[in-house]
Amino acid sequence: LSCIRDPNPCIFFEPKMLYRAAVDQVPIGDYQLNLSEAEVCVEGKDLTIVSWGTQVHRAMKAAQMAKEKLGVEAEIIDLQTILPWDVKTVEASVKKTGRLIVTHEAPLTGGFAGEIASTIQDKCFYNLEAPIKRVCGYDSPFPLIYEKFYLPDELKIFEAIKETVQA
């Protein structure tokens, strides 16, 4: 409803995969999300993971694995909108944790994670304790049958968490 009621042009992408894969509580009545406002899904102190769409659920699974196996508490941020995106929420989180992982399904080259990494590098340079890590799709076309191997899963994100906290 936020896109419908917004006076500006708005494109809403809804991953079909979430129709049956994700279960969450939603209000019964009419409600709107604030466009360009990120949601901190899980509070953490050791690193920040930024994502949107289906990758948020994969990031949450990876963060749970990291907590159980490494004792690492990751802060998970769902951007919800990518243009404009909520720079202030991500910036505040990275200043708190000192580390950032950005994950999305698009290829690494030309993906929006590069924009996020560049902006946060500019704004949080002196707060970063490790290089910003991007966990994205491969830079090659793929047939649908190999989507499972192409898309970053919770294991790839977990490996990025290990690399980031050990840096």
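**Figure 1. Order of helices and strands along the chain.** In this predicted model, the chain reads α-α-β-β-α-β-α-β-α-β-α-α from start to end, where helices (H or I, at least four residues) and strands (E, at least two) are DSSP runs numbered from the N terminus. The chain thus holds seven helices and five strands. Its radius of gyration is 16 Å, close to the 15 Å that the globule rule gives for 167 residues, so the chain is as compact as a globular protein of that length; the radius is taken over C-alpha atoms, and the rule is 2.2 Å times the number of residues to the power 0.38. Residues are numbered from 1 along each chain as its sequence is written, and side-chain values use heavy atoms, without hydrogens and water. As the model is predicted, local features need pLDDT of at least 70 and side-chain atom pairs count only at pLDDT 80 or more, whereas totals for chains, interfaces and linings use all residues.

**Figure 2. Strand β3 and its surroundings.** Five of the five residues of β3 (residues 74-78) are buried, so this strand is largely enclosed by the rest of the structure; buried means under 20% relative accessible area, exposed over 50%, and partly exposed in between (1.4 Å probe, protein chains only). Ala74, Ile76 and Asp78 lie on one side of β3, Glu75 and Ile77 on the other, and all are buried, which leaves both faces covered. Across the chain, 39% of the 167 residues count as buried.

**Figure 3. Pairing of β3 with β1 and β2.** Two strands are taken to pair if DSSP finds at least two bridges between them. Strand β1 (residues 39-42) pairs with β3 in the antiparallel sense over three bridges, and glutamate 39 has aspartate 78 of β3 as its bridge partner. Strand β2 (residues 47-51) pairs with β3 in the parallel sense over five bridges; here valine 50 stands opposite isoleucine 77.

**Figure 4. The cis peptide bond and glutamine 80 in the loop between β3 and α4****.** Most residues other than glycine have a negative phi, and most peptide bonds are trans. The bond from leucine 83 to proline 84 is cis, with omega near 0°. Proline 84 belongs to the loop between β3 and α4 (87-97). Glutamine 80, in the loop between β3 and α4, has a positive phi near 65° and is partly exposed, with a relative accessible area of 31%.

**Figure 5. Serine 36 in the loop between α2 and β1****.** Serine 36 follows α2 (18-21) and precedes β1 in the chain. The phi of serine 36 is near 65°, a positive value in a residue other than glycine. With a relative accessible area of 29%, serine 36 is partly exposed.
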